[in-house]
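Visitor: I have a structure open and would like to learn how to read its features. Where do we begin?

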Amino acid sequence: MSATVKESLQLQLLEMEMLFSMFPNQGEVKLEDVNALTNIKRYLEGRREALPPKIEFVITLQIEEPKVKIDLQVTMPHNYPFVALQLFGRSSELDRQQQLLLNKGLTSYIGTFDPGELCVCAAIQWLQDNSASYFLNRKLVYEPSTQAKPVKNTFLRMWIYSHHIYHQDLRKKILEVGKRLDVTGFCMTGKPGIICVEGFKEHCEEFWHTIRYPNWKHISCKHAESMETEGNGEDLRLFHSFEELLLEAHGDYGLRNDYHMNLGQFLEFLKKHKSEHVFQILFGIESKSSES
């Protein structure tokens, strides 16, 4: 890594200052965690030992022609701008295909920046300059100047951790979104709640932003695996569908605080799907092989 986490966080604070000067009115920049910047400052000053949560926020952009709004959701990984920024634009005026094309264009543009370059302000300018065409009624079928090259797609697998997943409406929403999009994986309900989603990058990112938007606080993407493919990605999938995973629980279901999922069973499930390495990433403990 060409820079330390602290150097990256200092640059992130600098960019946030620029954004607040561009959008000075209260509520224009909506932080997911209102204490995020304070915690980062405390970490940089040595008054906080634990690594602070990532900066996540939404900026609502007013597009003049046509008169529409775009919500730009931004997540800054701890090593941004030396690793890729996570961006997603959405608008109620766009259908699913147009929204995917918009985000594909935005991601392609941001991909032209060199590591170390701040790019949120540039992404905002790109949306203001280029988003109008995506709101046309006709479907856009052209691609930017890369048509002559072989088409490569990014296959993504995201491992998502939540403190718990209980509520029936939330479980139903997760399954509906997973089945609606061309993704596979699972949702393990209980405490903790674990979601794995895999498929083309655009579909996985739409799944992630749909289930957590606007206010699911206790959820984070702990790990992501990205691979390039010129095919349909079927050979890269570890799962054949998107389903709910129900395991045995320790404690009484009626007592939520005692309703912990059987992590031994979950580890066996991961082994069957060639994903044992994720256990330590999710829980911070090494898996114990049953063969030892």
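Guide: We go from the whole chain to helices, single residues, backbone exceptions and a pocket. Keep in mind that this is a predicted model.

Visitor: How many helices and strands does the chain have?

Guide: The chain has eight helices and eleven strands. Of its 292 residues, 44% are buried. Take contacts between residues at least 6 apart in sequence: 67% of these join residues at least 24 apart.

Visitor: Now a single helix. How far apart should the ends of H5 be?

Guide: Use the rise per residue. Helix H5 covers residues 168-180, which is 13 residues, and at 1.5 Å a residue it should span 18 Å. Its end C-alpha atoms are 18 Å apart, so the model agrees with the expected value.

Visitor: Which residues of H5 are buried?

Guide: Arg-171, Ile-174, Val-177 and Gly-178. Seen down the axis of H5, the buried residues fall within an arc of 135 degrees, so they line one face of the helix. The general idea is helical periodicity. An α-helix has 3.6 residues a turn, so residues three or four places apart point the same way.

Visitor: Which residues of H5 are exposed on the other side?

Guide: Gln-168, Asp-169, Lys-172 and Lys-179.

Visitor: What do the buried residues of H5 pack against?

Guide: Two kinds of element. The strands are S6 (184-188), S7 (193-200) and S9 (242-245), and the helix is H6 (201-212).

Visitor: Let me take one residue from S6. Is Cys-187 buried or exposed?

Guide: Cys-187 lies in strand S6. Its relative accessibility is 1%, under the 20% cut-off, so Cys-187 counts as buried. Leaving out residues up to four places away in sequence, Cys-187 touches Ile-165, Ile-174, Ile-194, Ile-195, Phe-242, Glu-243, Glu-244 and Leu-245. Ile-174 is one of the buried residues of H5. Another H5 residue gives a C-alpha distance: Arg-171 is 16 residues from Cys-187 along the chain, and their C-alpha atoms are separated by 8.1 Å.

Visitor: Does the span check carry over to another helix?

Guide: Try H3, residues 96-110. This helix has 15 residues and reaches 21 Å from first C-alpha to last, close to the 21 Å expected. Its buried residues include Gln-98, Leu-102, Leu-106 and Ile-110. The buried residues of H3 pack against strands S3 and S4 and helices H4 (120-130) and H6.

Visitor: H6 comes up again. Where does His-209 sit, and what is it in contact with?

Guide: His-209 is in helix H6. At 4% relative accessibility, it counts as buried. Beyond neighbours within four places in sequence, His-209 is in contact with Gln-73, Phe-88 and Arg-90. The C-alpha atoms of His-209 and Leu-87 are 9.8 Å apart, with their positions 122 residues apart along the chain.

Visitor: And a residue that is neither buried nor exposed?

Guide: Look at Ile-281, in helix H8 (residues 278-283). Its relative accessible area is 33%, so Ile-281 is partly exposed. Beyond its sequence neighbours within four places, Ile-281 is in contact with Lys-222 and His-223. The C-alpha atoms of Ile-281 and His-223 are separated by 7.2 Å, although the two are 58 residues apart along the chain.

Visitor: What backbone exceptions should I look for?

Guide: Start from the usual case. Most residues other than glycine have a negative phi, and most peptide bonds are trans.

Visitor: Which residues does a cis peptide bond join here?

Guide: Tyr-80 and Pro-81 are joined by one, with omega about 15 degrees. Pro-81 lies in the loop between S3 (68-76) and S4 (86-90). The bond from Lys-191 to Pro-192 is also cis, with omega near 0 degrees. Pro-192 is in the loop between S6 and S7.

Visitor: Which residue has a positive phi although it is not a glycine?

Guide: Lys-274, at about 55 degrees. Lys-274 is in the loop between H7 (263-272) and H8. With 69% relative accessibility, Lys-274 counts as exposed.

Visitor: Last, the second largest pocket. How many residues line it?

Guide: The lining has 20 residues, and Pro-53, Glu-56, Lys-217, Ile-219 and Ser-220 lie nearest the centre. The space is about 380 Å³. By class, the lining holds seven nonpolar, six polar and seven charged residues.

Visitor: Which element supplies the largest share of that lining?

Guide: Strand S8, with four residues. S2 (55-63), S5 (153-162), H6 and S8 (219-229) each supply at least two.

Definitions and conventions
Residues numbered from 1 in each chain as written. Predicted model: local features only at pLDDT ≥ 70, side-chain atom pairs only at ≥ 80, totals over all residues. Heavy atoms only, no water. Expected span 1.5 Å × (residues − 1). Buried < 20%, exposed > 50% of the residue type's maximum accessible area, 1.4 Å probe, protein only. Arc of directions from axis to C-beta. Contact = heavy atoms within 4.5 Å. 1 Å grid on protein atoms, 1.4 Å probe; cavity = no way out; pocket = protein on both sides within 12 Å on 5 of 7 lines; lining within 4 Å. Points joined across faces, edges and corners; volume = space filled by probe spheres on them. Nonpolar A, V, L, I, M, F, W, Y, C, P; charged D, E, K, R; others polar.
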